[in-house]
Amino acid sequence: QVQLVESGGGLVQAGGSLRLSCAAAGRTFSGHSMGWFRRAPGQEREFVSGISWLSQTSYYADSVKGRFTISRDNAKSSVYLQMDNLKPEDTAVYYCAAGRADFVMGPYDYWGQGTQVTVST
């Protein structure tokens, strides 16, 4: 069974940093893009960032550009999201996802269960 397991969420003050990790189990997603999405209470799911298989291409939502950095370690079947200068509006459940193929903009077919990020003022 394919699983994506996120970790690294938590409570942080505005201006702080968190690093989310996502590890794939059951398969390696070799040749597939990986991404991070988030859903804040009462809002639609937002595509935050994506990265291609060889890390040659990446995408960032305008709301996180310059503050978040996506990376991956294919040897560990893992993807990371370094989040710096966090703002209260970054509060959301963050989901890791694996793409159907190596297209950073998706579609994304495999999903983790999510990790909560809460940014306090």
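This passage describes the disulfide, the salt bridges, the internal cavity and the unusual backbone geometry of a predicted model.

The structure holds one disulfide. A disulfide is a covalent bond between the sulfur atoms of two cysteines. Here the partners are cysteine 22 and cysteine 96, with their sulfur atoms 2.1 Å apart. Cysteine 22 belongs to strand E3 (residues 18–25) and cysteine 96 to strand E9 (residues 92–99), so the bond ties together parts that are 74 residues apart in sequence. The torsion about the S-S bond is about -75°, so the disulfide is left-handed. Both cysteine 22 and cysteine 96 are buried.

Strand E3 also contains serine 21. Serine 21 has a relative accessibility of 19%. Serine 21 therefore counts as buried, since the cut-off is under 20% relative accessible area. Neighbours within four places in sequence are left aside in its contact list. The remaining partners of serine 21 are Val5, Glu6, Ser7, Trp36, Val79 and Tyr80.

Salt bridges were examined next. Side chains of opposite charge can pair when their charged atoms come close. The model contains five salt bridges. In one of them, the side chains of arginine 38 and aspartate 90 meet at 3.0 Å, N to O. This pair links distant parts of the chain, 52 residues apart. Arginine 38 sits in strand E4 (residues 34–39). Aspartate 90 sits in the loop between strand E8 (78–83) and E9. Arginine 38 has a relative accessible area of 6%, so it is buried. Aspartate 90 has a relative accessibility of 1% and is therefore buried.

Aspartate 90 also meets arginine 67 in a salt bridge, at 2.7 Å from N to O. Arginine 67 lies in the loop between strand E6 (58–60) and strand E7 (68–73), and aspartate 90 in the loop between E8 and E9, so the pair ties together parts that are 23 residues apart in sequence. Arginine 67 is buried, as is aspartate 90. Salt bridges link Arg38, Glu46, Arg67 and Asp90 in a network.

A further salt bridge joins lysine 65 and aspartate 62. Their closest N and O atoms are 3.0 Å apart. Aspartate 62 has a relative accessibility of 66%, so it counts as exposed.

The interior was then searched for enclosed space. Rolling a probe the size of a water molecule over the atoms shows where empty space is left. The count comes to one cavity of 30 Å³ or more. About 40 Å³ of space lies in the largest cavity. Its lining consists of Ala24, Thr28, Phe29, Met34, Arg72, Asn74, Ser77 and Ser78. Three of the lining residues are nonpolar, four are polar and one is charged. The charged residue is Arg72. The nonpolar residues are Ala24, Phe29 and Met34.

Phenylalanine 29, one of the lining residues of the cavity, also has unusual backbone geometry. Most residues other than glycine have a negative phi, and most peptide bonds are trans. Phenylalanine 29 has a positive phi of about 60°, although it is not a glycine. Phenylalanine 29 is found in the loop between E3 and E4. Its relative accessibility is 1%, so phenylalanine 29 counts as buried.

Serine 30 lies in the loop between E3 and E4. With a relative accessible area of 45%, serine 30 is partly exposed. The C-alpha atoms of serine 30 and leucine 54 are separated by 9.6 Å. These two residues are 24 residues apart along the chain.

Asparagine 85 has a positive phi of about 50° and is not a glycine. Asparagine 85 is placed in the loop between E8 and E9. Its relative accessible area is 43%, so asparagine 85 is partly exposed. Aspartate 90 is placed in the loop between E8 and E9 as well.

A cis peptide bond runs from glycine 106 to proline 107, with omega near 10°. Proline 107 is found in the loop between E9 and strand E10 (108–111).

Conventions:
Residues numbered from 1 in each chain as written. Predicted model: local features only at pLDDT ≥ 70, side-chain atom pairs only at ≥ 80, totals over all residues. Heavy atoms only, no water. 1 Å grid on protein atoms, 1.4 Å probe; cavity = no way out; pocket = protein on both sides within 12 Å on 5 of 7 lines; lining within 4 Å. Points joined across faces, edges and corners; volume = space filled by probe spheres on them. Disulfide = S-S within 2.5 Å. Helix = DSSP H or I, 4+ residues; strand = E, 2+ residues; numbered from the N terminus. Buried < 20%, exposed > 50% of the residue type's maximum accessible area, 1.4 Å probe, protein only. Contact = heavy atoms within 4.5 Å. Salt bridge = Lys/Arg side-chain N within 4 Å of Asp/Glu carboxyl O.
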